[in-house]
Amino acid sequence: MDVKSDFLNGLIEEDIYVDQPPGFVDYENPNHVYKLKRALYGLKQAPRSWYGRLRNFLIEKSFVKGQVDKTLFIKRSNNELLVVQMYVDDIVFGATNETLCKEFSSSMHKKFEMSMIGELNFFLGLQVKQMKHGTFLSQTKYCTELIKKFGMEKCKETSSPMTTSTYFDLDEKVKLVYESRYRGMIGSLLYLTVSRQYICLVFACVQGFRLILRNLT
């Protein structure tokens, strides 16, 4: 499910004031400011206030917050299990009993303005295929898009990203590396290694993108 205008659901606990926005200026009191009651997009406190309100709501509904992942909430009822994972305005949930899903969906709609997206197929770079015998997860699409994004389609595949005899030395004539592009590559690889530690070696060389794709497919 998707939360509509999620940050606007966050309640502000401290005093925060903002200037009068263009087009809504009170000409009788042009120097006055507004005191916020709810969070706004762009406000630093907005993500925290929204998370806090949703967390408190779920805990009131007998959910338990995850010890490692603080955005994971679990509810147990009569040997049945309901799992809720939140990511900003997207909420993924599933249960061992369909009744628990319906009850959770109903309670969320009563509290917040929600829209149901349907069965989970793609989420945060993960392809999800639900079958009778289990659920299949894949990151092939995510890796393929990364290869295209960073122009690695024509790179040569290799069993090892870098030879052990490589010698590093200062090269003053080499072209400068685009910092934002390099950080994007490393960040993308970091995201993959969260669940796939066997590809950590890829960090030795950006050309390891090909190695990742081959291992995933």
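Modeller: A crossing of two helices is left-handed if the near helix is turned anticlockwise from the far one by less than a right angle, and right-handed if clockwise. The structure above is a predicted model, in which local features need pLDDT of at least 70 and side-chain atom pairs count only at pLDDT 80 or more, while totals for chains, interfaces and linings use all residues. Residues are numbered from 1 along each chain as its sequence is written, and side-chain values use heavy atoms, with hydrogens and water left out.

Colleague: How many helices and strands are there in the protein?

Modeller: The protein has five helices and eleven strands. These are DSSP runs numbered from the N terminus (helices: H or I, at least four residues; strands: E, at least two). Of the 217 residues, 30% are buried, that is, under 20% relative accessible area (exposed is over 50%, partly exposed in between; 1.4 Å probe, protein chains only).

Colleague: Among contacts between residues at least 6 apart in sequence, what percentage join residues at least 24 apart?

Modeller: The share is 49% for the protein. A contact means heavy atoms within 4.5 Å.

Colleague: How is a pair of packed helices described, and at what angle do α1 and α2 pack?

Modeller: Two packed helices are described by the angle between their axes and the distance between the axes. Helix α1 covers residues 46-60 and helix α2 residues 98-111; their angle is about 135° and their axes are 12 Å apart. Axes are lines fitted to C-alpha atoms, for helices over the stretch in contact, and angles run from 0 to 180 degrees between N-to-C directions. The pair α1 and α2 is therefore oblique; angles under 35 degrees count as roughly parallel, over 145 as roughly antiparallel, 65 to 115 as roughly perpendicular and the rest as oblique. The crossing in which α1 passes α2 is right-handed.

Colleague: Which residues in α1 and α2 meet?

Modeller: From α1 come Arg53, Leu54, Phe57 and Leu58, and from α2 come Phe104, Ser107, Met108 and Lys111. By class, this contact of α1 with α2 has five nonpolar, one polar and two charged residues. Ala, Val, Leu, Ile, Met, Phe, Trp, Tyr, Cys and Pro count as nonpolar, Asp, Glu, Lys and Arg as charged, and the others, Gly among them, as polar.

Colleague: How are α3 and α4 to be read: roughly parallel or roughly antiparallel?

Modeller: Helix α3 (residues 140-149) packs with α4 at an angle of about 165°, with the axes 12 Å apart. The two helices α3 and α4 are therefore roughly antiparallel, and their crossing is left-handed. In α3, Tyr142, Cys143, Leu146 and Lys149 meet Arg181, Ser188, Tyr191 and Leu192 in α4. The residues of this contact of α3 with α4 divide into five nonpolar, one polar and two charged.

Colleague: Where does Gly184 lie?

Modeller: Gly184 belongs to helix α4, residues 179-193. Gly184 counts as partly exposed because its relative accessibility is 26%. From Leu146, Gly184 is 38 residues away in sequence, and in space the two are 9.8 Å apart, C-alpha to C-alpha.

Colleague: How does one read strand pairing, and which residues lie in β5 and β6?

Modeller: Two strands pair if DSSP finds at least two bridges between them. Strand β5 (residues 72-77) and strand β6 (residues 80-87) pair in the antiparallel sense over six bridges. One of the bridges sets Ser77 opposite Glu80 in β6. The two strands β5 and β6 form a hairpin with two residues between them, and Asn78 in the turn has a positive phi of about 50°. Asn79, in the loop between β5 and β6, has a positive phi of about 65° although it is not a glycine. Asn79 counts as exposed because its relative accessible area is 84%.

Colleague: Which residues does β7 cover, and how many bridges join it to β6?

Modeller: Strand β7 covers residues 90-95, and six bridges join it to β6 in the antiparallel sense. In β7, Phe93 is the bridge partner of Val84. This hairpin of β6 and β7 also has two residues between its strands, with Val88 in the turn at a positive phi of about 55°. On the other side of the chain order, β4 and β5 pair over two antiparallel bridges, and their hairpin has six residues between the strands.

Colleague: In what order do the strands of the open sheet stand?

Modeller: The order is β9-β10-β11, with antiparallel pairing. The edge strands are β9 (122-123) and β11 (134-138), each pairing on one side only. Two bridges join β9 to β10 (residues 126-131), and Leu126 in β10 is the bridge partner of Phe123.
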